[in-house]
Amino acid sequence: MGINDGYTPDRLSGISAFVAAVDAGSFAGAAERLHLTRSAVAKRIARLETRLGVRLFHRTTRSQHLTDEGQTFYQRCTKVLAELSEAEDELSAGTQSPMGKLRVTMPVQIGRECIAPVLLALAKGHPQLRLEMAFSDRRVDLIEEGYDLAVRSGRLDDTPGLKARSLGEQTMILCASPGYLAEYGTPHAPAELADHEHLMYGRGGNLYEWPAFIPCATPENAPADASAGAPITRADTAGFRRSRTPRFVLDDLVALVSAAEQGLGIACLPSWIAAQPLRTGLLVRLMPHTRSTGTPLHLVWPDTRHPSPKLRAAIDALVQAAPALLGDPGTGENLNDA
């Protein structure tokens, strides 16, 4: 087969539009992914069907479904496009310079506060690298939606075709405003929290209960902390229960911080979002010589034999930045190494 036997850019664009339409579930979704109009996607797929002499979709006014021929063609096309992408990655790996578009998805708030600044700094140092960052708490399907990298909070599912690398743990700390503590008193042990107002994080009708807080090592010769109270033992953490229904349940961490700053109660916050109000004195950390069980944070990406330089550079930058991102602001401890 010669080089001019019909394998034109238009032919490949038709295949790309077809695969995108199947993956997105609609022509409109494919148009959004490909940065085209819906009519442009429809025209490319219509030309593809004309060239093949078959119908790829059963279309109605409300839905579209693959024909048997369309299903067979889709399976072959996805393999071909995956091989082309891998070939491009293998070739670009030889340049050792991050370039091209990198699509990253991440949770909204830790993405804004911690992840995006690292990736933007990486892009600033590599002018040929283009970033497309999506901020969403939805669990994204990387392969189906065409992302190169995801940041995921919480336990990972065992998903075939994906690789992962740990960034460490998001440690939770207890905080309240100076005004709240002046009015209601400062709890010095977990058991004393029961009668305080708890500012709770909740989503979809589910409350995220606070983790257990246990003693952590205190550096020798550290100055005494008047707010710490008596030494906390593991027995102090047993049997802790809330004694009242929380007045405030929020599904946004920034709003949770604001409620704590306004003196409405005690909040259990990730250390990375509490760091700034702690530095400015708007919040005070409670029981600074305790630590909580952490929430894992991972990088996840589609498994390929030859990761591209842009992907490797992003992973390396985020792994290097993780200790500073997830460190404990109260003790200066890197909790990833604890």
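Here is a short chat about a predicted model, covering a sheet, a pocket and one helix residue.

Student: How do you know that strands E3 and E4 pair?

Tutor: Pairing takes at least two bridges. Seven bridges join E3 (residues 100-106) to E4 (residues 129-135), so these strands count as paired, and they run parallel. Gly 100 stands opposite Leu 129 in E4, and Thr 105 has Ala 134 as its bridge partner there.

Student: What makes the crossover from E3 to E4 right-handed?

Tutor: The chain leaves E3, passes through helix H5 (residues 108-125) and arrives at E4. Look with the strands pointing away from you: a clockwise path from the first strand over the helix to the second is called right-handed. This β-α-β crossover is right-handed, so its path runs clockwise in that view.

Student: Why are E4 and E6 called edge strands?

Tutor: The open sheet has five strands, in the order E4-E3-E5-E15-E6, with mixed pairing. E4 and E6 (162-170) each pair on one side only, and that puts them at the edges. From one strand to the next, the twist averages 20°.

Student: Which helix lies across this sheet?

Tutor: Helix H10 (residues 309-326) lies across E3, E4, E5 (149-153), E6 and E15 (295-302), and runs at about 15° to E6.

Student: What makes the lining of the second largest pocket count as mostly nonpolar?

Tutor: Of the 35 residues that line this pocket, 20 are nonpolar, eight polar and seven charged. Tyrosine counts as nonpolar here, so Tyr 201 and Tyr 208, which are among the residues nearest the centre, go in that group. The pocket holds about 910 Å³ of space. Elements giving two or more residues to its lining include E3, H5, E5 and E15.

Student: How do you know that Phe 73 is in contact with residues beyond its sequence neighbours?

Tutor: Contact means heavy atoms within 4.5 Å. Setting aside neighbours within four places in sequence, Phe 73 is in contact with Ile 15, Phe 18, Leu 48, Leu 52 and Leu 56, so heavy atoms of each come within 4.5 Å of Phe 73. Phe 73 sits in helix H4 (residues 68-93).

How values were computed. Residues numbered from 1 in each chain as written. Predicted model: local features only at pLDDT ≥ 70, side-chain atom pairs only at ≥ 80, totals over all residues. Heavy atoms only, no water. Helix = DSSP H or I, 4+ residues; strand = E, 2+ residues; numbered from the N terminus. Axes fitted to C-alpha atoms, helices over the stretch in contact; angles between N-to-C directions. 1 Å grid on protein atoms, 1.4 Å probe; cavity = no way out; pocket = protein on both sides within 12 Å on 5 of 7 lines; lining within 4 Å. Points joined across faces, edges and corners; volume = space filled by probe spheres on them.
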